[in-house]
Amino acid sequence: MYAIIGAGIGGLTTALAFEKLNIPYHLYEKAEDINAIGAGIWLAPNALKVYEWLGILDQVKNAGNSIDRITIATADLQTLTDSKQDEAKEEYGYSTVAIHRAELQKVLANNVASSNISWGKGLKSYTETKEGVELQFLDATTTIANYLIGADGINSVVRKQLFPKSKIRYSGQTCWRGVTNFKLPEDYNHRGIEMWGKQTRFGISKLSADKTSWFAVAKSKPFLTDNKETLKEDLLKEYKKYANVVTDLIANTNIDAILRNDIIDLKPIKKWHTNRVCLLGDAGHATTPNMGQGGAQAIEDAYFLSKIIATNTTDSPFKEFQKVRYKKVNSIVNQSWITGKVAHLGFGSKIRNMVFKNLPKSLIDKKMHFVYRLDNE
Ligand SMILES: Cc1cc2nc3c(=O)[nH]c(=O)nc-3n(C[C@H](O)[C@H](O)[C@H](O)COP(=O)(O)OP(=O)(O)OC[C@H]3O[C@@H](n4cnc5c(N)ncnc54)[C@H](O)[C@@H]3O)c2cc1C
């Protein structure tokens, strides 16, 4: 029996993949229920491919909105790169889906057998022995599993016990995210836009007929919190040089629907596992959100790990799993880290914009296929 810790995107997808391949498991989540707080995320074709394999692609698509065009632009909406996603559609069968995180988790959780999830069950620690793993929970109960999968996010309790020296890195940037029912112009319906200013960024994507998600990124010291009384005014001031749609979106978002998170990642660690314990998703390789791939990589993890376990061709499935996933994941962590730095250039922003405007299509396509392709062959 595999114990999976964490019913986030990675843990729930792993549960579904294990169910499909008849791998016995139980999922433990510390929250009492699905966390309804959150904003929009993008699911790129590599993530959608896994959901197609799991037979839930239509449910995911129906709960979100397809993004068929991705534009990077300046703060006043001058296009830097504009990629219609036709090529991705042709190659992979679909483009990208923008979806509210809570809606995605609902779809996933609704497809997991409810008897296989325990909510309100936070892991405190574990003890690994030759025979199995004893799990100790915050409510003072214990249970025994054969194997433990830590899908408990960037602040993973499993990782902190397994690799206490692992380090979270702060990117120097903080991110506000909001969801609003403000009506966007038609042109934005199936288009994701990211605008780059001087040391700030703003992104927009529609999630459904009446919901639009936005994010705003700026340089900041870590761990700062907002004064709710002045937050909107502060954001409107910070983004006043952006196109009107930006200030309209901020002005029309309920203050309680604006979240703030510092942008952090996990400094790549050399190993994700022992014989009986393995990290998955953000717990093992959290990335900054600049490429919109953290969740997709957790979803890919679920696909590969379940297949490796089910085919039973190795004594060390966790070792094999890391071997298959390590290169792609770390490349994304590193590229995403650099993208964040480039997007926030102050002094060099004009040169950056010129370089981006003239990027060869072949290079953009190569990068796209590296990220979107699911199987390594
Ligand atoms: C601003 C921002 C934007 C993003 N945009 C995108 C995007 O567009 N596309 C994309 O693919 N990714 C995106 N990501 C990344 C994505 O959100 C994460 O990579 C993804 O959520 C990782 O999934 P996970 O299951 O590994 O971890 P999480 O989603 O963090 O889930 C971990 C789960 O474990 C539970 N848990 C924690 N500790 C315990 C414990 N001790 N016991 C039991 N349960 C526990 C938590 O409650 C949670 O439910 C974004 C991230 C941020 C911050």
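1. Two strands are taken to pair if DSSP finds at least two bridges between them. With that in mind, and remembering that this is a predicted model, one can start from a single position in the sheet, where Leu 135 stands opposite Thr 143 in S11.

2. The strands on either side of that position are S10, which covers residues 133-137, and S11, and the two run antiparallel, joined by four bridges. They belong to an open sheet of three strands, arranged in the order S9-S10-S11 with antiparallel pairing. Strand S9 (123-128) and strand S11 (142-145) each have a single partner strand and stand at the edges, so one side of each is left without a neighbour in the sheet. From one strand to the next, the twist averages 25°.

3. Turning to the ligand, 29 residues lie around it, and those that come nearest are Gly 10, Glu 29, Trp 42, Arg 101 and Asp 282. By class, this shell comprises 11 nonpolar, 11 polar and seven charged residues. Helix H1 (9-20), strand S3 (40-43) and helix H10 (294-311) each contribute at least two residues to the shell.

4. Which atoms of the protein lie 2.8 Å or 3.3 Å from an oxygen atom of the ligand? A polar side-chain atom of Asp 282 lies at 2.8 Å from a ligand oxygen, and a backbone N or O atom of Ile 9 lies at 3.3 Å from a ligand oxygen. On the nitrogen side, a polar backbone atom of Gly 295 is 2.9 Å from a nitrogen atom of the ligand. Taken alone, the ligand exposes 1,000 Å², of which the protein buries 84%.

Note on methods:
Residues are numbered from 1 along each chain as its sequence is written. This is a predicted model: local features need pLDDT of at least 70, side-chain atom pairs count only at pLDDT 80 or more; totals for chains, interfaces and linings use all residues. Side-chain values use heavy atoms; hydrogens and water are left out. A residue is near a molecule or strand if one of its heavy atoms lies within 4 Å of it. A polar contact is a pair of N or O atoms within 3.5 Å; within protein, one must be able to donate a hydrogen and the other to accept it, and residues adjacent in sequence count only if both atoms are side-chain atoms. Accessible areas come from the Shrake-Rupley method with a 1.4 Å probe; for residues, only the protein chains shown count as cover. Ala, Val, Leu, Ile, Met, Phe, Trp, Tyr, Cys and Pro count as nonpolar, Asp, Glu, Lys and Arg as charged, and the others, Gly among them, as polar. Axes are lines fitted to C-alpha atoms, for helices over the stretch in contact, and angles run from 0 to 180 degrees between N-to-C directions.
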